[in-house]
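Thanks for coming, everyone. I would like to walk you through one model this morning, taking it region by region, and I will try to keep each statement tied to what you can see on the screen.

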Amino acid sequence: MILPDDTDRIRFRAYEPEDFDDVVRMFSDLQARRFYPEMDKPENNRRWIEWNLNNYHERGFGLWVIEDPHSGQFLGDCGLSFQPVEGAQVLELGYHLVERHRGHGLVTEAGQQCLSYGFNVLATETICSLVHPENLASKAVAERLHPHRRTYLKPDGTERLIFWTEAATS
């Protein structure tokens, strides 16, 4: 599997089943629980890892662990996956960080590497990020990564923001 390029501050690697405790920690603070309430169940944290392992197997990519290249410390995850939007499957750039690592530009840095991966390795035309309108931190990252934005409705009628970048504008 080809991974996005590492930087001085982050290294990408595939998820492993042993990352379970780190995934629990990533989704355990109040901010994460607000937007991912289902992740309070251990089986959903296991499914998160399994979903990514399956994406690697079926597609060759998914969300990857981002870690400190010097210590190997788990920082969060960032990567690409297909998500349903308005009846179509869109390639989404998703990202999550352990609370203590937020606010340092790490996910923006990782996101830039994943955009480059999507356009240069996967040769995709468009990459988006889907954001809950009240998730101000995620919204701020998406605004730094993508030049375009609009609102859409999920099938349940809830509003979401979709940010996107096209290959010609990356």
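**Aromatic rings, strands and helices in a predicted model**

Let me begin inside helix 3, where Trp-48 and Trp-51 both sit, three residues apart, which is about one turn of the helix. Before going further I should say that this is a predicted model, and I would ask you to keep that in mind throughout.

How many aromatic pairs does the structure hold? The count is seven, and I will discuss two of them. As a general point, a pair of aromatic rings is described by the distance of the centres and the angle of the planes. For Tyr-36 and Trp-48 the ring centres are 6.5 Å apart and the planes stand at 80°, and because an angle over 60 degrees counts as edge-to-face, that is the name this pair receives. This pair links distant parts of the chain, with Tyr-36 in the loop between helix 2 (30-35) and helix 3 (42-59) and Trp-48 in helix 3, 12 residues apart. Trp-48 has a relative accessible area of 13% and is buried, whereas Tyr-36, at 26% relative accessibility, counts as partly exposed.

Trp-48 also pairs with Trp-51: their ring centres lie 5.5 Å apart with the planes at 50°, so this pair is tilted. Trp-51 itself is partly exposed, at 30% relative accessibility. If you now add Phe-27 to the residues I have named, you have one aromatic cluster, formed by Phe-27, Tyr-36, Trp-48 and Trp-51.

Staying with helix 3 and rings for a moment, please look at Arg-46, which lies over the face of Phe-20, at 4.3 Å from the ring centre. Arg-46 can also be related to Asp-19, since the C-alpha atoms of these two residues are separated by 9.1 Å although they are 27 residues apart along the chain. Asp-19 belongs to the loop between strand 1 and helix 1 (20-26), and is it buried or exposed? At 3% relative accessibility, Asp-19 counts as buried.

Let me turn to strand 2, residues 63-67, which is mostly covered, with five of its five residues buried. Leu-63, Val-65 and Glu-67 point one way from the strand, while Trp-64 and Ile-66 point the other way, and all are buried. Strand 2 has partners in strand 1 and strand 3. With strand 1 (residues 11-13) it runs antiparallel, joined by three bridges, and there Phe-12 stands opposite Ile-66. With strand 3 (residues 74-85) it is again antiparallel, joined by five bridges, and here Val-65 stands opposite Asp-77. Strand 2 and strand 3 form a hairpin with six residues between them, and Gly-72 in the turn has a positive phi of about 80°.

A second set of strands lies further along the chain. Strand 5 (residues 126-131) and strand 7 (residues 159-166) pair in the antiparallel sense over six bridges, with Glu-166 as the bridge partner of Thr-126. Strand 7 is also joined to strand 6 (residues 148-153) by six bridges, and these two run antiparallel; Arg-150 stands opposite Ile-162 in strand 7. Strand 6 and strand 7 form a hairpin with five residues between them, and in its turn Gly-157 has a positive phi of about 90°.

Now the helices. How do helix 4 (residues 106-120) and helix 5 (residues 136-145) lie, and at roughly what angle do their axes cross? The axes come within 10 Å and cross at roughly 45°, which means that helix 4 is oblique to helix 5. The crossing, as helix 4 passes helix 5, is right-handed.

I will finish with the backbone. Most residues other than glycine have a negative phi, and with that in mind I would point out two residues. Glu-86 has a positive phi, near 50°; its place is in the loop between strand 3 and strand 4 (88-97), and at 52% relative accessibility Glu-86 counts as exposed. Ala-123 likewise has a positive phi, near 55°; this residue is placed in the loop between helix 4 and strand 5, and Ala-123 is exposed, with a relative accessible area of 55%.

Technical notes
Residues are numbered from 1 along each chain as its sequence is written. This is a predicted model: local features need pLDDT of at least 70, side-chain atom pairs count only at pLDDT 80 or more; totals for chains, interfaces and linings use all residues. Side-chain values use heavy atoms; hydrogens and water are left out. Rings of Phe, Tyr and Trp (its six-membered ring) pair if their centres lie within 6.5 Å; planes under 30 degrees apart count as stacked, over 60 as edge-to-face and the rest as tilted. Helices (H or I, at least four residues) and strands (E, at least two) are DSSP runs, numbered from the N terminus. Buried means under 20% relative accessible area, exposed over 50%, partly exposed in between (1.4 Å probe, protein chains only). A charge sits over a ring if NZ of Lys or CZ of Arg is within 6 Å of the ring centre and within 35 degrees of the ring normal. Two strands pair if DSSP finds at least two bridges between them. Axes are lines fitted to C-alpha atoms, for helices over the stretch in contact, and angles run from 0 to 180 degrees between N-to-C directions. Angles under 35 degrees count as roughly parallel, over 145 as roughly antiparallel, 65 to 115 as roughly perpendicular and the rest as oblique. A crossing is left-handed if the near helix is turned anticlockwise from the far one by less than a right angle, and right-handed if clockwise.
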